[in-house]
Structures are given as C-alpha cells and as structure tokens.
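The following exercises are to be worked through with the sequence and the structure at hand. Each task is followed by a solution in steps.

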Amino acid sequence: METKLLSDCASDLLEAAALLKQGCVVGIPTETVYGLAADARNPEAVRQIFSAKGRPADNPLIVHIAKMESLETVAAVIPPLAEKLAEQFWPGSLTMILPKRNDIPEITSGRLDTVGIRMPSHPVAQALILLSDVPIAAPSANISGYPSPTTAQHVMRDMQGKIAAVVDGGACSVGVESTVIAFEGNGADTVRILRPGFVTKEMLEEVVPHVTLDPAIFHQLQEGQTVHSPGMKYQHYSPRAHVVLVEGAWNAFAALVKREKGSGIYALVFDGEEASLSMPCLTYGSCGQEQAQQIFSKLRELDDMGAQKVFVRAPRPEGIGLAVYNRLIRAAGFEVIQV
Ligand code: TXA
Ligand code: MG
C-alpha cells in the first residue's frame with residue numbers, strides 16, 4: 001500500500017475523511033502528538049491500527065470526539081464531575097476514562113468495560129471527526145515502543161506502506177500525549193492521574209477536590225501491583241539509542257558525561273548548556289513547555305545521528321515538566337542516575 005501524504009487543504013481533508021468513513025487508517029495531527037486514526041466502531045478498521053503499530057491487543061485506544069453531544073454516544077455513564085471537567089478542559093489534552101457503551105467494540109477498548117475519551121483542539125483533528133461523522137479511535141502514530149510522532153514526517157517514517165494516508169497539520173503544539181484520568185469511587189470528587197500531560201494536577205485541582213498521581217508515573221510497576229492503565233506495563237517512548245536519565249545539578253552532570261565521553265556517546269541537555277560540553281550533544285528547550293514540544297523529535301534525531309548511548313538532563317518534574325519526566329524515565333527503561 002502506498003501511503004499518501006495529504007495537506008490540510010479542504011479537498012485533502014475531504015479525502016482523508018472519506019478514507020476514515022470507509023474503514024481505512026489515517027495518520028492525523030492533534031495538538032498533543034500525531035494519532036493513528038480509524039472508525040472506533042469498526043472492528044476491522046481498528047484491527048489495522050493494532051497491526052500497523054505492532055501494539056499489544058490488551059492496550060486500549062482513546063476515542064476522539066468533536067462535540068459534547070457525542071460523549072453520550074461513547075460513554076455509558078457520565079458523572080457530573082466529568083461534565084465539569086469537559087467544560088473546563090475540552091477541547092484539549094485531557095482524556096477521561098469512563099464506562100463504555102456496548103457499541104464500542106472490544107478490540108477498541110482492549111476488552112475493558114471502560115473507554116478513554118478525548119476532544120482534541122487541533123482544527124484538523126476536529127474537521128476530520130466532523131467530516132467523517134464517526135468517533136475516531138487513535139493511539140499515538142508511532143511504532144509501538146518508539147517515541148511518539150510530533151510531525152507528519154515522523155508518521156511517514158514509521159507508517160509508510162502500512163496505512164492509507166497521513167494528513168500534515170504541522171508540528172504539534174503541546175508535543176506530549178494527553179493527561180489520562182480515571183474517576184475513583186462514585187466519581188463524585190476524586191480523580192487519579194494515570195498519565196501526566198499538559199493538563200496538570202494543579203489545573204485539575206481547580207475543579208476536582210481530590211487529585212492523586214498514580215505511582216506508575218514515577219516507578220516501574222512491581223510484580224503483583226495493580227495496573228490502572230494497561231499502557232503502564234509496556235516499554236514506551238524508547239529510541240534505538242540507550243537512554244540514561246541523569247538527575248542532579250549541572251556541574252555534576254557535566255562531570256559525569258566528561259568521564260563517560262566516547263564513540264557514540266551523546267548528551268541531551270537544556271538550551272545554552274551545550275557550549276560547555278565538548279562532546280556530541282543536542283538540546284531540548286529550557287522551560288517545561290519547550291521541553292514537551294521538543295522531547296520526542298530530539299529522541300528521534302539522536303537515532304538519526306547514530307547515537308548509541310544518550311545521557312539526558314532530567315527536567316524538573318513539575319507542571320508539564322512532570323509529563324516530560326514521565327516519558328523520559330520510560331524511554332530510559334527506568335535507568336536513572338542521581339548525581
Ligand atoms: O494525546 C493523546 O492522548 C494521543 C493523541 C493521538 O490523542 N493518543 C495517545 O494514545 O496517546 P495512546 O494509545 O498512545 O495512549 C493511550 C493511553 C495508553 O497508555 C492506554 O493504556 C491508556 O491511555 N488507556 C486507554 N484507554 C484506557 C482505559 N479504558 N483504561 C485505562 N487506560 C486506558
Ligand atoms: Mg502511545
């Protein structure tokens with residue numbers, strides 16, 4: 001199959017929407033990362049998403065909608081708190097896990113009786129959902145385990161020949177995937193963050209009385225621990241290069257990489273720090289927002305440059321920086337050095 005690269009002009013959007021309606025898989029831009037989209041209610045279309053990504057069958061997909069009225073066509077129960085959160089944060093990078101309706105097939109929800117739902121804010125994603133008039137299941141459009149794509153070129157790299165088309169909507173503005181939350185108890189006043197993202201704990205606390213962070217955000221799950229989100233079990237976001245996350249002061253980081261310097265050894269540091277390191281090196285911004293925007297493309301670029309091992313300066317795990325930190329400890333397979 002030849003994968004067509006489409007633009008965001010009106011005729012190309014109509015073509016992409018027609019493909020989605022026909023049950024084809026299309027790479028689409030969202031404000032977080034590019035998604036691998038198909039009709040969430042069409043099991044054969046959704047099967048092609050799993051096969052193009054090489055994704056384990058028990059890892060459920062997020063369903064994307066474009067109108068508030070569509071929420072009740074996907075979720076069987078909508079707690080008042082979910083409505084409040086949707087009012088505050090949709091369209092945007094918040095995914096809510098809710099009980100699913102029976103017409104969402106088992107393959108879409110990884111056989112769970114819940115489903116993750118999100119209303120993206122990217123105008124191209126919105127247009128494609130409205131034009132195709134179907135709820136869109138879309139995981140990140142990377143090969144399973146590899147860093148998520150934030151440009152159409154990243155998607156072409158991973159999916160060329162495996163899917164019908166990719167729509168180019170430019171580089172993603174957020175750069176890391178949505179915040180995923182689940183409601184606890186009767187859904188009245190507590191939510192648990194399963195995956196941190198642009199919508200932070202502090203932002204959620206303005207609407208929700210109790211917000212907790214799942215331990216799997218910081219630590220590798222131990223044998224027997226409860227898995228609240230199947231995605232937490234799997235290796236994620238890893239480039240081919242061996243990533244080591246280094247936490248601590250700049251001077252100690254610089255001393256460590258100086259000792260480790262050698263063929264194929266790279267550093268990934270904050271803007272402005274590269275000048276004082278005499279080794280191959282890339283930077284990924286200086287504040288949390290810039291780091292989120294750049295992290296996945298820099299991990300991919302390190303592979304293109306032939307890096308074997310990369311020492312990464314850990315971001316501050318605060319605000320959106322927590323999302324970046326969470327992706328990096330997973331990219332590093334939880335190999336963290338404190339200096
Ligand atoms: O920003 C995003 O969320 C992007 C864009 C394309 O919308 N999508 C995305 O999808 O990141 P994916 O499949 O790469 O990550 C979804 C995560 C997985 O870790 C999955 O296990 C979890 O959400 N998830 C989905 N449905 C769930 C459910 N019913 N219960 C628990 N976790 C769920
Ligand atoms: Mg993903």
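**Exercise 1. Determine which residues P239 touches, leaving aside residues up to four places away in sequence.**

Solution. The contacts of P239 (heavy atoms within 4.5 Å) are Y146, P147, L299, D303 and A331. Next, locate P239 in the chain: it belongs to the loop between β11 (210-213) and β12, where strands are DSSP runs of E with at least two residues, helices are runs of H or I with at least four, and both are numbered from the N terminus. Then consider its distance from S148: the two residues are 91 apart in sequence, yet their C-alpha atoms are 9.9 Å apart in space. Finally, P239 has a relative accessible area of 8%, so it counts as buried (under 20%; exposed is over 50% and partly exposed lies in between, with a 1.4 Å probe and protein chains only).

The model is predicted: local features need pLDDT of at least 70 and side-chain atom pairs pLDDT 80 or more, while totals for chains, interfaces and linings use all residues. Residues are numbered from 1 along each chain as its sequence is written, chains are lettered from A and ligands numbered from 1 in the order written, and side-chain values use heavy atoms, without hydrogens and water.

**Exercise 2. Establish the strand order of the open sheet of five strands.**

Solution. The order is β14-β13-β15-β12-β16, with parallel pairing; two strands pair if DSSP finds at least two bridges between them. At the edges are β14 (281-283) and β16 (336-338), each of which pairs on one side only.

Now examine β12 (residues 242-247). Five bridges connect β12 to β15 (residues 309-313), and three connect β12 to β16. L245 has bridge partners in both neighbours: V312 in β15 and V336 in β16. Because five of its six residues are buried, β12 is largely enclosed by the rest of the structure.

**Exercise 3. Identify the closest residues around ligand 1.**

Solution. Ligand 1 is surrounded by 24 residues (a heavy atom within 4 Å), the closest being T32, N59, H64, S178 and G231. Turn next to the side chains: an N or O atom of T32 is 2.7 Å from an oxygen atom of ligand 1, and for R195 the corresponding distance is 2.9 Å. On the strands, β4 (62-64) and β6 (114-118) each supply at least two residues of the shell, and β6 gives the largest share, four residues.

Definitions and conventions. Polar contact = N/O pair within 3.5 Å; in protein donor to acceptor, adjacent residues only side chain to side chain.
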